[in-house]
Amino acid sequence: MSSEFVIRLAGEAVYTTLKASAPMMVLALVVGLIVSVFQATTQIQEQTLAFVPKIVVVLLAILIFGPWILTTLVDFTYNLLNNLYKYVG
């Protein structure tokens, strides 16, 4: 097993992780930006105001994108374990 192979496999793992977490992160970013603009325009400086909408949106994103995330992670894991004999030998 060469170092290029290990780096490529680690890169695929990081890419899969980013791809699986992207919907929640993007939606949390958008909601955080909207709440920040709302706080700036109304001059409400409550720190906890930003957390509740983000938590709700992330939970909804997990419910909506959950099957796709699960499929993505299962495909990566299946390919990894299916080709395990190539990695060991």
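This passage walks through the predicted model, from the chain as a whole to a single residue in its first helix.

It helps to begin with confidence. Across the protein chain the mean pLDDT is 91, and 99% of the residues reach a score of at least 70. Ranked by mean pLDDT, the elements have α2 at the top with 94 and α3 at the bottom with 81. As a general caution, predicted coordinates should not be read in detail where pLDDT is low.

The architecture is easy to follow: the protein chain contains three helices and zero strands, and from the N terminus on the order is α-α-α. The radius of gyration is 19 Å, whereas the globule rule gives 12 Å for 89 residues, so the chain is more spread out than a compact globule. Along the principal axes, the C-alpha atoms occupy a box of roughly 65 × 25 × 15 Å. Of the 89 residues, 19% are buried. The accessible surface amounts to about 6800 Å², and carbon and sulfur atoms contribute 74% of that area. Among contacts with a sequence separation of 6 or more, 67% link residues that are 24 or more positions apart.

Helix α1 is a good place to look next. This helix covers residues 3–42, and its 40 residues, at 1.5 Å each, should span 58 Å. The C-alpha atoms at its ends lie 55 Å apart, which agrees with that expectation. Along the way, α1 has a kink of about 50° at Ala22, shortly before the proline Pro23. Just after the helix, Gln43 adopts a positive phi of about 60°.

Which residues of α1 are buried? They are Phe5, Thr16, Ala20, Ser21, Pro23, Met24, Ala28, Val31, Gly32, Val35 and Gln39. Pro23, the proline that follows the kink at Ala22, is thus one of the buried residues of the helix. The cover over these buried positions includes α2, residues 51–82, and α3, residues 84–88.

Thr16 offers a closer view of this packing. The residue sits in helix α1, and its relative accessible area is 8%; the cut-off for buried is under 20%, so Thr16 counts as buried. Leaving aside neighbours within four places in sequence, Thr16 makes contact with Thr72, Leu73 and Phe76. These three partners have numbers that fall within the range of α2, 51–82, a helix that is part of the cover over the buried residues of α1.

Notes: Residues are numbered from 1 along each chain as its sequence is written. This is a predicted model: local features need pLDDT of at least 70, side-chain atom pairs count only at pLDDT 80 or more; totals for chains, interfaces and linings use all residues. Side-chain values use heavy atoms; hydrogens and water are left out. Helices (H or I, at least four residues) and strands (E, at least two) are DSSP runs, numbered from the N terminus. The expected span of a helix is 1.5 Å times one less than its number of residues. The bend at a residue is the angle between axes fitted to the seven residues ending there and the seven starting there. Buried means under 20% relative accessible area, exposed over 50%, partly exposed in between (1.4 Å probe, protein chains only). Contact means heavy atoms within 4.5 Å. pLDDT is the predictor's confidence in each residue, from 0 to 100. The radius of gyration is taken over C-alpha atoms; the globule rule is 2.2 Å times the number of residues to the power 0.38. Accessible areas come from the Shrake-Rupley method with a 1.4 Å probe; for residues, only the protein chains shown count as cover.
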